[in-house]
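Me: I am in my first year and would like to learn how to read one part of a structure closely. Could you choose one helix and take me through it slowly, along with its surroundings?

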Amino acid sequence: MSLEFDDTAGIASGAVFECERGWSDLIAKAAAEVAEVDRMAEDWNVRIVGGWVTDGALTLQISYDGRWPYEVVKLICDEYRAKSLTICEVCGRPGWLRTIGVAATRCDDHA
C-alpha cells in the first residue's frame, strides 16, 4: 500500500510513502518539522520526498540543498524512525516491533 499527501507543507509534490495508513499522522508531524527547518533559510529547500518500511520501521527520504541541514535532517529521520517502532503501521494505535516472520510494527489486533 502507498500513501500520498496533497499540498502538505514539508512534503514534496508527488511524494509517495510505501507504508500503511497507520503512520499517516506520524508522517504529517515529520512534515511539519521539515517545514520549520525549511523556513530557517530560503535556499535550503528541505522537503520529504518519500518513505518506506525498513526492518519494520519508517524510513523517510528527505531532500535539501546546501550542507548545513544534514544534521537536522538526520535527527528528524532518526527521531521518526524510532517513533514508528511504537505505532501500529496499520491503524496508528500503540504497537511494537514484531519479528515473527517479517519484521513489522503492529498492535495486538494487527499482529
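Reply: What follows is a close look at helix H2, first within the whole chain and then residue by residue.

Please keep in mind throughout that this is a predicted model. The chain holds two helices and six strands, and when you read along the sequence these elements come in the pattern β-β-α-β-β-α-β-β. For 111 residues, a compact globule would have a radius of gyration near 13 Å, and the value for this chain is 14 Å, which agrees. Of those 111 residues, 40% count as buried, and among the contacts with a separation of 6 or more, 38% are between residues 24 or more positions apart.

Helix H2 covers residues 69-84, which makes 16 residues. At 1.5 Å a residue the helix should span 22 Å, and because its end C-alpha atoms are indeed 22 Å apart, the expected and computed lengths agree.

Which residues of H2 are buried? They are Pro69, Val72, Val73, Ile76, Cys77, Tyr80 and Ser84. If you look down the axis of H2, these buried residues fall within an arc of 135°, so they line one face of the helix. The cover over them includes helix H1 (24-39), strand S4 (57-63) and strand S6 (104-106), and we can follow two of these elements through one residue each.

In helix H1 we find Val37, which counts as buried because its relative accessibility is 7%, under the 20% that marks the limit. Leaving aside neighbours within four places in sequence, Val37 is in contact with Trp44, Val46, Val72 and Ile76; of these, Val72 and Ile76 appear in the list of buried residues of H2.

In strand S6 we find Thr105, which has 0% relative accessibility and therefore counts as buried. Its contacts, not counting residues up to four places away in sequence, include Ser84, Leu85, Thr86 and Trp23, and Ser84 is one of the buried residues of H2. Thr105 also touches Gly56, and the side chain of Thr105 reaches the backbone oxygen of Gly56 at 2.6 Å.

How far apart are the C-alpha atoms of Val37 and Thr105? They are separated by 28 Å, and the two residues lie 68 residues apart along the chain. Even so, each of them touches a buried residue of H2: Val37 is in contact with Val72 and Ile76, whereas Thr105 touches Ser84.

Definitions and conventions. Residues are numbered from 1 along each chain as its sequence is written. This is a predicted model: local features need pLDDT of at least 70, side-chain atom pairs count only at pLDDT 80 or more; totals for chains, interfaces and linings use all residues. Side-chain values use heavy atoms; hydrogens and water are left out. Helices (H or I, at least four residues) and strands (E, at least two) are DSSP runs, numbered from the N terminus. The expected span of a helix is 1.5 Å times one less than its number of residues. Buried means under 20% relative accessible area, exposed over 50%, partly exposed in between (1.4 Å probe, protein chains only). The arc is that of the directions from the helix axis to the C-beta atoms. Contact means heavy atoms within 4.5 Å. A polar contact is a pair of N or O atoms within 3.5 Å; within protein, one must be able to donate a hydrogen and the other to accept it, and residues adjacent in sequence count only if both atoms are side-chain atoms. The radius of gyration is taken over C-alpha atoms; the globule rule is 2.2 Å times the number of residues to the power 0.38.
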